[in-house]
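Trainee: I should like to examine this structure with you, one question at a time. May we begin with a cysteine?

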Amino acid sequence: MCMVIFAPIFAICAFATCGGYHGYLQVKVDCSAQTQNNLSINIDFGYPFRLQQIHFKAPLCETSREEVVFLNGDFSAAAQFFVTVGVLAFLYSFFATIVYVFYQNKYLKNNRGPLVDFLVTVTFSLMWLLSSCCWAKSLTDIKAATNPTEVLLLIASCREKENRCATTQEPLWSRLNTSTVFGFLNAILWSGNIWFVFKETGWYKTGQRYPSRTSSRKRSSEMRERLYSESSFDQPDDSFGPYRQDSFTESRGDYNKQFERQASINQSQVSFSLPETYLGKAAIYERENKVASQGPVIFVNEI
């Protein structure tokens, strides 16, 4: 969101303050021969800062003629590069804003939109940094080339000691300084946006889907520690003393008695079901008009 809001504004401020600059320098020449006195010379320069093409006329104090003087330096390459980057960045950020707002589904389709956006963002980050550095160096050279002391040395009449030359007005550099500041701000803004654009790409999502070994080992160690803590919590605490151990022993003894009783009952049931031969006679009871039935057998052991 910050990229969408501030990128177009910073780009406009960067290339507008540089491309629309107009400097003005005024010097005054006072000849000692008094043939020409208080002659003002106006020097205008501006974007794209081809100073070698800027010229002005200066008087020759010894004669009534004038000479044509040219400034030194050509700084158009850095200035035009800086402005071009600013214009392209503004157009792309404006286009990206429209895509983010109205074509979000197409932007995320097949992961092509985030990848293109990521590559363009990285490119503009480098371009802003490179153009800002070049422009800052060129601005320093422009200030040196238009320094009133250097300009006065270009005039032949001012190189003579008997003549007096002075500067009546110097150019203002605040606007160009502002353009340099906005250039580096754009570099920081676009560089910071690389991370947010990278999170939308498939590269980041693939890394999240398949975590690294370090993260998996860390999770496994945390799981083992959690299981160990739970098992240690479930173990009996020695602080309860012999009371808890005795209760556990008693319950265990009751369970053993119940198991022996159940085993004896089962054994007795098995003994009744097995056919065996015993010494003794079975008592047979008969009733009238009824089939004789065998009652319970009582065995008496004789010694």
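Trainee: What is the relative accessible area of C13?

Mentor: C13 is classed as partly exposed; that class lies between buried (under 20% relative accessible area) and exposed (over 50%), with a 1.4 Å probe and protein chains only. This is a predicted model, in which local features need pLDDT of at least 70 and side-chain atom pairs count only at pLDDT 80 or more, while totals for chains, interfaces and linings use all residues. Residues are numbered from 1 along each chain as its sequence is written, and side-chain values use heavy atoms, with hydrogens and water left out. For C13 the relative accessible area is 24%.

Trainee: Which cysteine sulfur is nearest to that of C134?

Mentor: A disulfide is a pair of cysteine sulfur atoms within 2.5 Å. C134 is partly exposed, at 32% relative accessible area, and is in no disulfide. The nearest cysteine sulfur, 6.9 Å away, is that of C133.

Trainee: How many disulfides are there, then?

Mentor: One disulfide joins C31 to C61, with the sulfur atoms 1.8 Å apart. Another links C158 and C165, at an S to S distance of 2.0 Å. With the bonded cysteines numbered in sequence order, the pairing is 1-2, 3-4. The count comes to two.

Trainee: How many residues apart in sequence are the parts that C31 and C61 tie together?

Mentor: Helices (H or I, at least four residues) and strands (E, at least two) are DSSP runs numbered from the N terminus. C31 belongs to the loop between β1 and β2, and C61 to the loop between β3 and β4. The pair therefore ties together parts whose separation in sequence is 30 residues.

Trainee: Is the disulfide of C31 and C61 left-handed or right-handed?

Mentor: Both cysteines are buried, C31 at 3% relative accessibility and C61 at 5%. The torsion about their S-S bond is about -70°, so the disulfide is left-handed.

Trainee: What is the torsion about the S-S bond of C158 and C165?

Mentor: C158 counts as buried at 16% relative accessibility, whereas C165 is partly exposed at 24%. Their link is left-handed, and the torsion about the S-S bond is -95°.

Trainee: How many residues apart are D30 and R164?

Mentor: The side chains of D30 and R164 meet in a salt bridge, 2.8 Å from N to O; the term requires a side-chain nitrogen of Lys or Arg within 4 Å of a carboxyl oxygen of Asp or Glu. D30 is buried, with a relative accessible area of 14%, but R164 is exposed, at 59%. The pair links distant parts of the chain, with D30 in strand β1 and R164 in strand β5 (residues 164-169). Their separation is 134 residues.

Trainee: The structure holds two salt bridges; in which helix do D141 and K137 lie?

Mentor: The side chains of D141 and K137 meet in a salt bridge, 3.0 Å from N to O. D141 is partly exposed, at 27% relative accessibility. Being four residues apart, D141 and K137 are separated by about one turn of helix α4.

Trainee: Which side chain of opposite charge is nearest to E67?

Mentor: E67, in strand β4 (residues 66-70), is buried yet has no salt bridge. Lys and Arg count as positive and Asp and Glu as negative, while His and the chain ends are not counted. At 5.6 Å from E67, the nearest side chain of opposite charge is that of R159.

Trainee: Which backbone nitrogen lies 2.9 Å from a polar atom of the E67 side chain?

Mentor: Contact means heavy atoms within 4.5 Å. Neighbours within four places in sequence aside, the contacts of E67 include F56, K57, L154 and S157. The backbone nitrogen at 2.9 Å from a polar atom of the E67 side chain is that of A156.

Trainee: Which residues of the largest nonpolar core touch the most other members?

Mentor: A nonpolar core is a set of buried Ala, Val, Leu, Ile, Met, Phe, Trp, Tyr and Cys residues joined through side-chain atoms within 4.5 Å. Among the elements that give two or more residues to the largest core are α1 (2-19), β3 (55-59) and α4 (112-145). W135, leaving aside its neighbours within four places in sequence, is in contact with residues including C18, F49, F82 and L176. Of the 47 residues in this core, those that touch the most other members are F49, F56, W128 and W135.

Trainee: Finally, what percentage of the residues of the protein chain count as buried?

Mentor: The chain has nine helices and seven strands. Of its 303 residues, the buried share is 29%.

Notes: Polar contact = N/O pair within 3.5 Å; in protein donor to acceptor, adjacent residues only side chain to side chain.
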